[in-house]
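Colleague: I'm new to reading protein models. Could you show me one and let me ask how you arrive at the words you use for it?

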Amino acid sequence: MENLNILVAKLEDEIKNGKKTMFSNKIIVDEMKCAELLSAIQLALPTAIKESQYVIQDKDKIISEAKQRANLIIEEAQKKANYLIDQSSVLKQADMEAQDIIGKAKQCNAMYEKEMQNRLDEMLKTTENNVKEIMSVVRDARECLRESVNNTDKKQPRKY
C-alpha cells in the first residue's frame, strides 16, 4: 500500500494535468485513474489514522520514558554531586587536620629548639666555669713554680 501523501500528490497531479474545457472552469480527467487513486486513498486512510493513533500513544509512552530517563539522570547526577561534595568535605577536613598537625609540630620543634639552646648554654657555661677553674689551677701552679724557682735561686749561691 502506498503512502497516503504520495497517493494524494498523484491525485493532485492528475487534476492539475487535466484538460480544460472551453468556455468554462471545468477540466477533463481520466475518471478511471482518479477512481483508482481515491480507492487507494480510502484504503490507506484507516491505516494512516491507526498509525496516527499509534504515534500519539507512542508519543505519550516516549514522553513518559524520556521523563523516567531524565529523572534517573537527575538522580544519578545528584548522587554524584553529593559524593563529590562529601569527598570535598573529607578533603577539607583532612587538610584542616594536616594544618593542625603541622602547627603542633612547629610548636614542638620551636620548644625543643629552645630547650636544646638552653641545654647547650648550660653546657657551655659549665665548660667555661671548668676552664676558669683549670686556668686558676694553672695560674696557681705557675705562681708556685715561679716562687719555687725564685726560692731556689736565693738559696744557692751564684757562680760566676
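Modeller: Sure, and keep in mind that this is a predicted model. Let's start with a definition: helices are DSSP runs of at least four residues, strands are runs of at least two, and both are numbered from the N terminus. Read that way, the elements of the protein go α-β-β-α from the N terminus on.

Colleague: What makes the protein more spread out than a compact globule?

Modeller: Set two values side by side. The globule rule gives 15 Å for 160 residues, but the radius of gyration here is 59 Å, well over that, so the protein is more spread out than a compact globule. Along its principal axes, the C-alpha trace spans about 180 × 40 × 25 Å.

Colleague: How many of its residues count as buried?

Modeller: Of the 160 residues, 6% do. The accessible surface comes to about 15000 Å², and carbon and sulfur atoms hold 58% of it.

Colleague: Which residues make up the largest nonpolar core?

Modeller: Seven residues: L4, L7, L11, C34, L37, I41 and A44. Two elements, α1 (4–16) and α2 (31–155), each give two or more residues to this core. The largest share, four residues, comes from α2.

Colleague: What makes that set a nonpolar core?

Modeller: The term asks for buried residues of certain kinds, Leu, Ile, Cys and Ala among them, joined through side-chain atoms within 4.5 Å. As background, nonpolar side chains tend to be buried together in soluble globular proteins.

Colleague: And I41, which residues does it touch, leaving out those up to four places away in sequence?

Modeller: I41 touches L4, L7, V8 and L11.

Colleague: Why is F23 called exposed?

Modeller: Exposed means over 50% relative accessible area. F23 has 85%, so F23 is exposed. You'll find F23 in the loop between β1 (19–20) and β2 (27–28). Its phi is near 65 degrees, a positive value in a residue other than glycine.

Colleague: Then why is N118 called just partly exposed?

Modeller: Buried is under 20%, exposed is over 50%, and partly exposed is in between. N118 has a relative accessible area of 46%, so N118 is partly exposed. N118 sits in helix α2. Its C-alpha is 15 Å from that of E128, and the two are 10 residues apart in sequence.

Colleague: One last thing: how far apart are the mean positions of the positive and negative charges?

Modeller: They are 9 Å apart, with 27 positive and 27 negative charges in the protein.

Terms used: Residues numbered from 1 in each chain as written. Predicted model: local features only at pLDDT ≥ 70, side-chain atom pairs only at ≥ 80, totals over all residues. Heavy atoms only, no water. Rg over C-alpha atoms; globule rule 2.2 N^0.38 Å. Buried < 20%, exposed > 50% of the residue type's maximum accessible area, 1.4 Å probe, protein only. Areas by Shrake-Rupley, 256 points an atom, 1.4 Å probe, with all protein chains shown as cover. Lys, Arg positive; Asp, Glu negative; His and termini not counted. Charge placed at Lys NZ, Arg CZ, Asp CG, Glu CD. Contact = heavy atoms within 4.5 Å.
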